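Colleague: Got a minute to walk me through this one? I'd like to start with the overall layout and then get to the ligand.

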Amino acid sequence: MQLGFRFDPAKKRFMRLILIGPPGSGKGTQAKLLSQRLGLVHFATGDILRDESQKDTPEGIRANQHMRAGQLVPDELINELVNARFNGVQKPSKFVMDGYPRTLAQAVYFDAVLQKQALEPDAVIFLKVQDEEIVRRNGARWTCLNPDCRATYNTITKPPKVPGRCDLCQQLLFQRDDDKPDTIRKRLHVFHAQHDDILRHYQKRSLLVEVPGTGDIEVIYGNIVQALTRSSDPS
Ligand code: AMP
């Protein structure tokens with residue numbers, strides 16, 4: 001695959017990023033690209049929760065009830081999972097957060113977790129996409145069943161080569177309950193109720209970078225890189 005923009009690794013910039021956007025804004029895809037191209041750990045709380053749920057851990061069972069209803073899982077549950085990973089032996093020092101924080105309480109908690117580890121975030125990227133576009137995109141989203149793969153496809157913008165099968169591992173694709181139209185409307189409602197506070201929180205800390213999340217995947221990636229470069233330019 002032809003790569004788009006690349007950072008100069010010698011400058012060691014943008015090692016710790018937080019990606020925020022409505023469900024289906026493409027933040028998962030962009031987080032994966034940022035992770036591959038910048039060598040960052042892709043920290044996706046939705047994937048962590050789905051894994052816990054598949055393993056039937058107490059946290060997973062509890063989280064699943066909320067996820068199936070299109071609601072956020074309680075702050076204390078997700079905060080503890082994040083804190084455990086950032087305090088564990090394999091704690092990431094370079095990362096891109098995908099799906100966390102999602103409430104102001106999580107953002108404040110995460111500030112403290114990072115501060116304790118001396119890991120200040122470099123930037124918070126907000127991927128902006130209109131609601132109608134989000135509903136259209138989510139109806140077309142399919143995810144790989146393989147828990148070690150979890151590749152996502154979009155029958156409009158990024159279809160699999162063989163319908164219903166993953167390009168990477170050939171496993172079957174499925175539509176997540178929380179990608180169905182009624183659930184997505186609920187999730188958008190939840191997103192709007194929460195995100196203003198979070199954006200304001202990071203704006204106050206001069207970390208927020210807003211990027212249009214529409215267009216081709218590489219165009220959006222380019223928008224992110226340009227916005228980050230502009231934000232870090234002292235002139
Ligand atoms: P995602 O894959 O990021 O779209 O997340 C799927 C679902 O997992 C969400 O709809 C929530 O129910 C739950 N979830 C993921 N991350 C969080 C979080 N930071 N706070 C609360 N719930 C979360």
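**Domains, ligand and odd backbone spots**

Modeller: Sure: the centres of domain 1 and domain 2, taken over C-alpha atoms, are 22 Å apart. It's a predicted model, where local features need pLDDT of at least 70, side-chain atom pairs count only at pLDDT 80 or more, and totals for chains, interfaces and linings use all residues. Residues are numbered from 1 along each chain as its sequence is written, and side-chain values use heavy atoms, with hydrogens and water left out.

Colleague: Which residues go into domain 1 and domain 2?

Modeller: Domain 1 takes 9-138 + 188-229, and domain 2 takes 140-174. Those bounds come from an automatic or database domain assignment.

Colleague: And how many residues of each are in contact?

Modeller: Eleven from domain 1 and nine from domain 2, with contact meaning heavy atoms within 4.5 Å. About 830 Å² is buried between the two domains, and carbon and sulfur atoms give 37% of that. Buried area here is the accessible area (1.4 Å probe) that two parts lose on being put together, summed over both.

Colleague: OK, ligand now. What surrounds it?

Modeller: 16 residues, the closest being T45, Q71, G99, Q106 and R187. To count, a residue needs a heavy atom within 4 Å of the ligand. The shell splits into six nonpolar, five polar and five charged residues, with Gly counted as polar and Tyr, Cys and Pro among the nonpolar ones.

Colleague: Which helix gives the most to that shell?

Modeller: Helix α2 (residues 45-54), with four residues. Helices are DSSP runs (H or I, at least four residues) and strands are too (E, at least two), numbered from the N terminus.

Colleague: What do the ligand nitrogens pair with?

Modeller: A polar side-chain atom of T45 is 2.9 Å from one nitrogen atom. For V73 it's a polar backbone atom, 3.1 Å from a ligand nitrogen. R102 has a side-chain N or O atom at 3.0 Å from a ligand nitrogen. The protein covers 96% of the 480 Å² of accessible area that the ligand has on its own, by Shrake-Rupley with a 1.4 Å probe.

Colleague: Switching topic: where is the cis peptide bond?

Modeller: Between Y100 and P101, with omega about 0°. P101 sits in the loop between β3 (95-98) and α5 (104-116).

Colleague: And what about D56?

Modeller: D56 has a positive phi, near 60°, and lies in the loop between α2 and α3 (58-68). Most residues other than glycine have a negative phi, and most peptide bonds are trans.

Terms used:
Polar contact = N/O pair within 3.5 Å; in protein donor to acceptor, adjacent residues only side chain to side chain.
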